[in-house]
Amino acid sequence: MPKSSHNPFRNAQAHVDRACATLNLSDSARQLLRWPMREYRALLPVRMDDGRTRVFSAYRVQYNHARGPTKGGLRWHPNETMDTVRALACWMTWKTAIADLPLGGGKGGITCNPKEFSVDERERVSRAYVRAFAEVLAVDRDVPAPDVNTTPQIMAWMLDEYETVTGRHHPGMITGKPLQVGGSQGRHDATSYGGMCIIREIDSLLGLDLAGARYAVQGFGNVGGGIARLLHEHGGRVIAISAEDGGICNERGVDIPAALEFYTRNGHRLGGFPGGEPFSNEDLLTCECDVLIPAALEHVLTRQNAERVRARVVVELANGPTTPGADHVLQHRGVTVVPDILANSGGVTVSYFEQVQNTYNYYWSLPDVHAQLDTRITHAFHSMWNLAQERGLSLRDAAYVLAVQRVAEACRARGWF
Ligand code: NAD
């Protein structure tokens, strides 16, 4: 494994180590909690449209299943490695625990650039992944969901392949599905909706007026685009947005519905959107705003640029956007950071609701989903906030202490240590 401070798995382990030390856990407990319990790797040979076969590396990591079946998304990205998947599976373990869901943590990925694929190629890659890992996926074992570059349509192909292989209906083996094949109302924007509940709570605790505050959002996909839309609908001023190809800023507030339409029409790009000044991703992170929302990829806030962050609050809707070095700088400078494992737990919470509905074969209304999500995530937020106040911890340390303690208690109850 590379020693770089930007290895996301090393950084994920550093948070676990700190929580284990705070909780005074034994060495054996620490050993178990800082590594995945099971890892799988496969090569996927896929016939492309031009008749050639390409071979893709694929991964599935089941980090810890003490609290229930492992759960976590599938990422398709050119930079995907076993270490990024391990880190994401590790974060999922603490995320399901802090959200108090009866689930463990897992994650999967394929090293590929899906932007090069035709629709048919996407489908063949989806089906190849499920054939490779069907043995280790199941509603009571390990349940995938969407993540970066994967969509409800991909979940539907994967479900279909799994049900073809097993010869039975198992809608709960994967979540984030389209409504027509057992998806849940509210799953598509669940991470953003949960993030909105968190922003409401933190704004109120810090004396910020949700509608009057200025927001900057990095990433304009499912999560970033969703939170920008919700903030806009609640009267918040979103002054900067960006996607992979760069962004735009507008002090008066970006017209978010127009930007979303432009992004969708222009192949998921914001370049050329006429509603503001062109702006780089780096400028976005250090622009003057009240709330900065990284909602793209990991490790965008580093020790170097953290010195220049001018937001009062960072709400991490991406997984792992802040390096430990940046965390240290932000804490020292008095910037409040709401950690990813809590801030973006709305997605997995509604994935859990989806599984519950699949099991009962009875489906909830959107207001029911939103009400249940709001209750759960708000409760989790205040548990973390109160522990941080009582023990003088950062919000991240408080979140990890709560989550690691819950997983450790389940391991102990099972007699694992
Ligand atoms: P997505 O693929 O829908 O969108 C990703 C966005 O990030 C796109 O707008 C893309 O242009 C942008 N982007 C990519 N590289 C970038 C870069 N270098 N700089 C700036 N922007 C860049 O993915 P998503 O589902 O919105 O996921 C975003 C983040 O949220 C990820 O960290 C993911 O793990 C996390 N997350 C997603 C969910 C979910 O339910 N989808 C749940 C929890 C956490």
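Phe262 and Phe273 are both buried, and that is where I'd like to start today. Please keep in mind that everything I show comes from a predicted model.

So how do the rings of Phe262 and Phe273 sit against each other? Their centres are 5.4 Å apart and their planes stand at 65°, and since planes over 60 degrees apart count as edge-to-face, that is the label for this pair. Now look at where the two residues come from. Phe262 belongs to helix 8, residues 256-265, while Phe273 is in the loop between helix 8 and strand 10, so the contact ties together parts that are 11 residues apart in sequence.

Let's set beside it another pair, Phe381 and Trp385. Here the ring centres are 6.1 Å apart and the planes make an angle of 20°, so this one is stacked. Both Phe381 and Trp385 are buried. They sit in helix 14, residues 366-391, and because they are four residues apart there, about one helical turn separates them. These pairs belong to a longer list: searching the whole structure gives 10 aromatic pairs. There is also an aromatic cluster, made up of Phe56, Trp76 and Phe117.

On to the sheet. Seven strands make up an open sheet, and if you walk across it the order is 10-9-8-7-11-12-13, with mixed pairing. Which strands are at the edges? They are strand 10, at 277-279, and strand 13, at 336-338, each of which pairs on one side only. On average, neighbouring strands in this sheet are turned by 20° against each other, ignoring direction. As a reminder, strands of a sheet pair through backbone hydrogen bonds, either parallel or antiparallel.

Let me zoom in on strand 9. Strand 8, residues 237-243, and strand 9, residues 246-249, run antiparallel and are joined by four bridges. Together strand 8 and strand 9 form a hairpin, with two residues between them. If you want to follow the register on screen, Ala243 stands opposite Gly246 of strand 9, and Ser242 has Gly247 as its bridge partner. Over towards strand 10, strand 9 is again in an antiparallel arrangement, this time with three bridges. Cys249 is bridged there to Glu277 of strand 10.

And which way do the residues of strand 9 point? Gly246 and Ile248 go one way, Gly247 and Cys249 go the other, and all of them are buried.

Next, helix 3, residues 82-98. With 17 residues at 1.5 Å a residue, helix 3 should span 24 Å, and its end C-alpha atoms are indeed 24 Å apart, which agrees. Is helix 3 mostly covered or mostly open? Mostly covered: 17 of its 17 residues are buried. Just after helix 3 comes Asp100, which takes a positive phi of about 60°.

Now for the empty space. Rolling a probe the size of a water molecule over the atoms shows where such space is left. The whole structure has two cavities of 30 Å³ or more. The largest cavity holds about 50 Å³ of space. What lines the largest cavity? Its lining includes Asn11, Ala12, His15 and Trp91, and further along the chain His299, Asp340, Arg396 and Tyr400 are among the lining residues too. Two elements, helix 1 at 8-22 and helix 15, give two or more residues each to that lining. Helix 1 has the largest share, with three residues.

Then there is the second largest pocket, with a volume of about 230 Å³. Of its 13 lining residues, Val335, Thr336, Val337, Ser394 and Leu395 are the closest to the centre. Helix 11 (324-332), strand 13, helix 14 and helix 15 (395-413) are the elements giving two or more residues to this lining, and helix 14 gives the most, with three. You've met some of these already: strand 13 is one of the edge strands of the sheet, and helix 14 is the home of Phe381 and Trp385.

One last stop, Arg414, in the segment after helix 15. Is Arg414 buried, exposed or partly exposed? Its relative accessibility is 47%, so Arg414 counts as partly exposed. Finally, Arg414 and Arg67 are 347 residues apart in sequence, yet their C-alpha atoms are 9.8 Å apart in space.

Thanks, everyone. I'm happy to take questions.

Notes:
Residues are numbered from 1 along each chain as its sequence is written. This is a predicted model: local features need pLDDT of at least 70, side-chain atom pairs count only at pLDDT 80 or more; totals for chains, interfaces and linings use all residues. Side-chain values use heavy atoms; hydrogens and water are left out. Two strands pair if DSSP finds at least two bridges between them. Axes are lines fitted to C-alpha atoms, for helices over the stretch in contact, and angles run from 0 to 180 degrees between N-to-C directions. Rings of Phe, Tyr and Trp (its six-membered ring) pair if their centres lie within 6.5 Å; planes under 30 degrees apart count as stacked, over 60 as edge-to-face and the rest as tilted. Buried means under 20% relative accessible area, exposed over 50%, partly exposed in between (1.4 Å probe, protein chains only). The expected span of a helix is 1.5 Å times one less than its number of residues. On a 1 Å grid over the protein atoms alone, a cavity is a set of points where a 1.4 Å probe fits but cannot get out, and a pocket is an open set with protein on both sides within 12 Å along at least five of seven lines; lining residues have an atom within 4 Å of a point. Grid points are joined across faces, edges and corners, and a volume is the space filled by probe spheres set on the points.
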